[in-house]
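Subject: Structure for your files

Hello,

Here is the structure I said I would pass on. My notes on what was found in it follow below.

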Amino acid sequence: MSSRPDVTMAQRKRRLVSNELTEAALQLLASQGFDAVTIDEIATTAGVSKRTFFRYFASKEDVVVQFLAELGAGMHQELAARPGGEAPSVALLHAVSVPVAACGDHADRALRVVQLILRTPALLARFLERQVQWREELAAELARRLGIDPAADLYPRLAAGTALAAFDAVLQRWSDSDGAEDPVELTARAFAVIAPALDAVAAPQDRTAPPA
């Protein structure tokens, strides 16, 4: 008899527990502050033991890092799914809009989490660290879409970095406004500013040449 159904059930259960721990941790950390919340409190809120918490996460920081990893994965998947002939600015706008739209759909909770990350030095450092990986993944996908070599051409990393800079600016503005501004509308405004640069894509052989 195949063990595949048992494995699938185990994986589903593990994912459910992970989600419950993440939800409990983010709610507590956002409402009480990073330093005020203990792992015991997170585990109790999620209805599991402290030992179970450590099966999934090594620390409170790791809960937030996993949350950030999922944001990055969503952006990369969306960029990869965009139509091939789409302008880079449009494709990147749709990619960045994935986590932004999620923020808008769950505004109160998402705002508290964003403010927690931006206002906690240890979490902000992990956020910026994650963005290095996001930039490389987005750059690789842009290079694939454009048929260029990311190791030889500056454009993919510059474009990915510019899109993420816009993302950062939107989150900071939304956080500073305490949610008064619409993150989706802020994103559209940010990309209206950077779109001309993102779409100024010359032929590959011309972009690496020095200016005349």
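Glycine 33 sits in the loop that joins helix 1 (4-32) to helix 2 (39-46). This is a predicted model, and everything below should be read as such. With a relative accessibility of 25%, glycine 33 counts as partly exposed. Its C-alpha atom is separated by 9.7 Å from that of arginine 112, although the two residues are 79 residues apart along the chain.

On the overall picture: the protein chain has ten helices and zero strands, so the pattern along the sequence reads α-α-α-α-α-α-α-α-α-α. Of the 212 residues in the protein chain, 40% are buried. Among contacts with a separation of 6 or more, 66% are between residues 24 or more positions apart.

Helix packing

Two packed helices are described by the angle between their axes and the distance between the axes. Three pairs are described here in those terms.

Helix 4 (residues 60-81) and helix 7 (residues 121-146) have axes that come within 10 Å and cross at roughly 20 degrees. Because of that angle, helix 4 is roughly parallel to helix 7. The crossing of helix 4 and helix 7 is right-handed. On the helix 4 side, the residues that make the contact include Val64, Val65, Leu68, Leu71, Met75 and Leu79, along with Glu61 and Asp62. On the helix 7 side they include Leu123, Phe127, Trp134, Leu138 and Leu142, along with Arg126, Arg130, Glu137 and Glu141.

Helix 7 also meets helix 6 (residues 107-119); the axes of helix 6 and helix 7 come within 5 Å and cross at roughly 95 degrees. Helix 6 is therefore roughly perpendicular to helix 7. Leu116, Ile117, Leu118 and Arg119 of helix 6 are in contact with Pro121, Leu123, Leu124 and Phe127 of helix 7.

The third pair is helix 6 and helix 8, whose axes are 10 Å apart and pack at an angle of about 110 degrees. An angle of 65 to 115 degrees counts as roughly perpendicular, which is why helix 6 and helix 8 are described that way. Helix 6 contributes Ala107, Ala110, Leu111, Val114, Gln115, Leu118 and Arg119 to this contact, and helix 8 contributes Leu171, Gln172, Trp174 and Ser175. Leu118 and Arg119 of helix 6 thus appear in the contact with helix 7 and in the contact with helix 8.

Aromatic rings and charges

A search of the whole structure finds four aromatic pairs. One of them is phenylalanine 53 with phenylalanine 54, an edge-to-face pair at 5.4 Å centre to centre with 90 degrees between the planes. How exposed or buried are these two residues? Phenylalanine 53 is buried, at a relative accessible area of 0%, whereas phenylalanine 54 is partly exposed, at 40%. Another pair is phenylalanine 127 with tryptophan 134: the ring centres are 6.0 Å apart and the planes are at 80 degrees, so this pair is edge-to-face. Phenylalanine 127 and tryptophan 134 are both buried, and both are among the helix 7 residues in contact with helix 4. Ring pairs also link Phe53, Phe54 and Phe57 into a cluster.

Two charged side chains lie over rings. Arginine 14 is over the face of tyrosine 56, 4.4 Å from the ring centre. The charged end of lysine 60 is over the ring of phenylalanine 34, 4.4 Å from its centre.

Two further positions

Alanine 102 is in helix 5 (residues 88-105). Its relative accessibility is 36%, so alanine 102 counts as partly exposed. Alanine 102 is 31 residues from leucine 71 in sequence, and the two are 9.4 Å apart in space, C-alpha to C-alpha. Leucine 71 is also one of the helix 4 residues in contact with helix 7.

Where is aspartate 178? Aspartate 178 is in the loop between helix 8 (155-176) and helix 9 (183-198). Aspartate 178 is not a glycine, yet it has a positive phi of about 55 degrees. The residue is exposed, with a relative accessible area of 53%.

Regards

Definitions and conventions: Residues numbered from 1 in each chain as written. Predicted model: local features only at pLDDT ≥ 70, side-chain atom pairs only at ≥ 80, totals over all residues. Heavy atoms only, no water. Phe/Tyr/Trp six-rings, centres within 6.5 Å; stacked < 30°, edge-to-face > 60°. Buried < 20%, exposed > 50% of the residue type's maximum accessible area, 1.4 Å probe, protein only. Lys NZ or Arg CZ within 6 Å of the ring centre and 35° of its normal. Axes fitted to C-alpha atoms, helices over the stretch in contact; angles between N-to-C directions. Helix = DSSP H or I, 4+ residues; strand = E, 2+ residues; numbered from the N terminus. Parallel < 35°, antiparallel > 145°, perpendicular 65-115°, else oblique. Left-handed = near helix turned anticlockwise from the far one by under 90°. Contact = heavy atoms within 4.5 Å.
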